[in-house]
Amino acid sequence: MRETWRLIDMRVEDAYTQMGIDEAIAYARVKKGTHNTIRLYRWNPSAVSVGYFQSLRDEVDLEACRRLGVDVIRRITGGGAVFHDYEGEITYSLVAPDDDPKIPRDILSSYKLICGCLINGLRSLGLDAQFKPINDITTGGRKISGNAQTRRYGVVLQHGTVLVDCDVRKVFTVLKVSDTKISDKMIRAAEERVTSIRRELGRHVSFDEARRALISGFEEGLEISLEPGELTAYEEGLMEKFRERYRSREWIFRR
Amino acid sequence: MRAEFKVPGGKLLAAETEVEDGRLVRVKITGDFFMHPEEAIEGLENALTGIPANAIEDAVQGFFRDNPVDLLGASPGDFIRVLEMSLSSS
């Protein structure tokens, strides 16, 4: 009999709510004995997230974000800046106790295991995906997924993105990649480094098809059954509290 | 003042420092590395603030010896390197 984990499936919320939900699930897991949880989600409006240690002003073109209605948020996880395009990506998160027998204590090994779940999903779609340490997944040498993990509240919280579609020009508009004007040459160079499910497969893969592949990938990789569920009332309350912190200028501009 | 260093096979580190009368008066370390617990970065910056600018190596080594911190994508030596680079860039 496989262990059952909770699946919170494709909730669409703004950046502050999404990061508040991830942290609320992490906080409640050990304290309240809630289930291990996998979430799949999308960000609306689209948003830029920076890693815990990044300088916001170094990474993000705040004026471009304002102009385009793109939210800006700081994560509690390290790693790099990400453009979460509502039209182009699925984000996942995983929460389990840090002493769960399924999750390696060693951080790099746990990246490999959890990224392995995404790789299962991508391979089932027909992509030749590989884990690229420390925290990336590539196909044909191009990055298709970035991942970040924290350990606090007695849990592992890992979240990451899977690119369904990628508009490199949009990414360059909101992230500060260079002081120089965005050139076609830069766009082509970036297209050599980054790719997406649709580009690799040369067809219109729907969010629903990608979502189903990822769910099966997690079930296979962790030998679990995922059962659709919702946040508890406790988690919803916590999320609202955390969301206020994520929205605060003090947090966003912290570094 | 400010220096950046891409760790080979690792992550990007940047350091901003200000020195007055031979001492570090401001230290900020940023980048896309991973440090667990994350709040240790503020601890490291605080540990470096006020020390003589020529004591960075000992202070960084001491911090990582005394605090249980996991680093991915950068080592204590990389932190020392980028901090010292930032001093010579001013």
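Helices and strands here are DSSP runs, helices of at least four residues and strands of at least two, numbered from the N terminus. On that basis, Ile134(A) lies in the loop between S7 and S8 of chain A. The model is predicted. This briefing covers the overall form of chain A, the strands S7, S8 and S9 of that chain, and selected backbone features in chains A and B.

**Overall form of chain A**

- Chain A contains ten helices and eleven strands.
- The radius of gyration of chain A is 17 Å, which agrees with the value near 18 Å for a compact globule of 255 residues.
- The C-alpha trace of chain A extends over about 55 × 45 × 30 Å along its principal axes.
- Of the 255 residues in chain A, 56% are buried.
- Where contacts in chain A link residues at least 6 apart in sequence, 74% of them join residues at least 24 apart.

**Surface and charge of chain A**

- Chain A has an accessible surface of about 10,800 Å², and carbon and sulfur atoms account for 47% of that area.
- Chain A carries 41 positive and 39 negative charges, and the mean positions of the two sets are 4 Å apart.

**Strands S7, S8 and S9 of chain A**

- Strand S7 of chain A covers residues 129-132 and runs antiparallel to S8(A), to which four bridges join it.
- Within this pairing, the residue opposite Ala129(A) is Thr139(A) in S8(A).
- The connection from S7(A) to S8(A) is a hairpin of three residues.
- S8(A) is also joined by four bridges to strand S9 of chain A, residues 142-152, and these two strands run antiparallel.
- Across that second pairing, Ser145(A) in S9(A) stands opposite Ile137(A).
- The hairpin of S8(A) and S9(A) has two residues between the strands, and Gly140(A) in this hairpin adopts a positive phi near 55 degrees.

**Side-chain directions in S8(A)**

- In a regular strand, side chains alternate between the two faces of the sheet.
- In strand S8 of chain A, residues 136-139, Asp136(A) and Thr138(A) point one way, whereas Ile137(A) and Thr139(A) point the other way.
- All four of these residues in S8 of chain A are buried.

**Cis peptide bonds**

- Pro133(A) and Ile134(A) are joined by a cis peptide bond with omega about 15 degrees.
- As stated at the outset, Ile134(A) belongs to the loop between S7 and S8 of chain A.
- In chain B, a cis peptide bond links His36(B) and Pro37(B), with omega about -5 degrees.
- Pro37(B) occupies the loop between strand S4 (34-36) and helix H1 (40-48) of chain B.

**Positive phi in residues other than glycine**

- Tyr153(A), a residue other than glycine, has a positive phi near 55 degrees.
- Tyr153(A) sits in the loop between S9 and strand S10 (155-163) of chain A.
- Tyr153(A) counts as partly exposed because its relative accessibility is 29%, and the partly exposed class lies between the limits of 20% and 50%.
- Asp21(B), likewise a residue other than glycine, has a positive phi near 50 degrees.
- The loop that holds Asp21(B) lies between strand S2 (12-20) and strand S3 (23-31) of chain B.
- Asp21(B) has a relative accessible area of 82% and is therefore exposed, the cut-off for that class being over 50%.

Notes:
Residues numbered from 1 in each chain as written. Chains lettered and ligands numbered in written order. Predicted model: local features only at pLDDT ≥ 70, side-chain atom pairs only at ≥ 80, totals over all residues. Heavy atoms only, no water. Buried < 20%, exposed > 50% of the residue type's maximum accessible area, 1.4 Å probe, protein only. Pairing = 2+ DSSP bridges. Rg over C-alpha atoms; globule rule 2.2 N^0.38 Å. Contact = heavy atoms within 4.5 Å. Areas by Shrake-Rupley, 256 points an atom, 1.4 Å probe, with all protein chains shown as cover. Lys, Arg positive; Asp, Glu negative; His and termini not counted. Charge placed at Lys NZ, Arg CZ, Asp CG, Glu CD.
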